[in-house]
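Please look over the sequence and the structure shown here before reading on. The report below moves from a single residue to strand pairs, a sheet and the nonpolar cores.

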Amino acid sequence: MLRALLFVLWLPLACQSAELPSGFLNTRQDVPLPGHPTRWDYVTFDPPSHQLFLAHLGDDTVVVFDTRKLHVIATIPQVNQVHGVLYIPELHRLYASATGTNEVVAIDSETHQIIARIPVGNHPDGLTYVPGEHQLFVSDEHGGTDTVIDVLSNTRTATIPLQGQIGNSQYDSTSGHVFVNLQTLGQLAEIDPKSHQVLARYPIKNAHGNHGLWIDSAHQLAFVACSDDNTLIVFDLKNHRTSATFPVAHDPDVLAYDSGLNWLYVAGESGEVSLFHVDGKTVTPLGTTWLGPNAHSVAVDSDTHRAWFPLQNMKGRSVLRVTRPATTSH
């Protein structure tokens, strides 16, 4: 079992109720992963098929893991410097950003075969999907653009100039718009996917290196992870202002959300993970704990509350660390 949270930022009485788990994580299992003990990046999950797709950046592969049987199903090669991965359920298809070749690779999730390669901008990273428009938005981190891909034809349909280095892109189902971190400008851009026009650029107060992004559409909140000063900024999308700022794990990267517990995970390059409870527009920090070396990427199953962290090097090999809250009311 992982040791208790290293510190608790603060816990009001509401956080101690039966509805909110204690601030602890249990390691349920460490499962060996294939390949070399090299860097892993994003993770995406398909609950119906119990498939977890992991970007093995250092090995240029996508690893497919069965979360029910806890073993590797397939290793998909020739995805050069794979960073972002995103599963689209309606298409039974996975998309992966291959930074080494500046393209996005489309993969059939049932056959695990590559079906298309689509050229994008410079250093593609994060991905988000707009279902009504059948569009995939790709953050071209070093190119200062977002590339738009029509997933029905697997062709590039637009390149949207944004300036600076680009952080993660996320779709907001309430507005129907895409939000993009402009990480060297300290801004959040709002894009209309119908017109491919930038509607606004919102300054985020005290944002430094705003890379990681998660959108809570129901409550119109954007959670912005800033890697330069190790903070999480809560940005109100309705009023276009910062509503809260919290310290988090060093070098925060990937964010994930457990909608069953209303827990937000912020995973850091430092090997730490920070946890928050979200109740409407009220965000309560639960604390930060050591998780494992380079535990900067995470995916969560909101039904079982299990979280998965690919760890680069544990005694000479990569492992998938499977965790679960120590106590829950579920």
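Where is the place of Pro193? In this model, which is predicted rather than determined by experiment, Pro193 lies in the loop between β16 (187–192) and β17 (197–203). Pro193 has a relative accessible area of 1%, and because a residue counts as buried when this value is under 20%, Pro193 is buried. Leaving out residues up to four places away in sequence, Pro193 touches Val130, Glu133, Gln135, Phe137, Gly176, His177 and Val178. Tyr171 stands 22 residues from Pro193 in sequence, and the C-alpha atoms of these two residues are 9.6 Å apart in space.

**Strand pairs**

Two antiparallel pairs of strands can be set side by side in a table.

| Strand | Partner | Sense | Bridges |
|---|---|---|---|
| β18 (residues 210–216) | β19 (residues 221–226) | antiparallel | 6 bridges |
| β24 (residues 272–279) | β25 (282–290) | antiparallel | 8 bridges |

Strand β18 is mostly covered, since 6 of its 7 residues are buried. Within the pairing of β18 and β19, Leu213 stands opposite Val224 in β19. The hairpin that these two strands form has 4 residues between the strands, and in this hairpin Gln220 takes a positive phi near 55°. In the other pair, Leu275 is the residue that stands opposite Gly287 in β25.

**An open sheet**

Strands of a sheet pair through backbone hydrogen bonds, and this pairing may be parallel or antiparallel. Here, 4 strands form an open sheet in the order β22-β23-β24-β25, with antiparallel pairing. Why is one side of β22 and of β25 left without a neighbour in the sheet? Strands β22 (252–258) and β25 (282–290) stand at the edges, and each has a single partner strand, so one side of each remains without a neighbour. From one strand to the next, the twist averages 20°.

**Nonpolar cores**

Which residues touch the most other members of the largest nonpolar core? This core has 34 residues, and those that touch the most other members are Val62, Val85, Tyr265, Val298 and Phe309. When its neighbours within four places in sequence are set aside, Val298 is in contact with Val254, Ala256, Tyr265, Ala267, Ala307, Trp308 and Phe309. There is also a second, separate core of 15 residues, and among its members are Leu86, Leu91, Ala116 and Ile149.

How values were computed:
Residues numbered from 1 in each chain as written. Predicted model: local features only at pLDDT ≥ 70, side-chain atom pairs only at ≥ 80, totals over all residues. Heavy atoms only, no water. Pairing = 2+ DSSP bridges. Axes fitted to C-alpha atoms, helices over the stretch in contact; angles between N-to-C directions. Buried < 20%, exposed > 50% of the residue type's maximum accessible area, 1.4 Å probe, protein only. Contact = heavy atoms within 4.5 Å. Core = buried A, V, L, I, M, F, W, Y, C linked by side-chain atoms within 4.5 Å.
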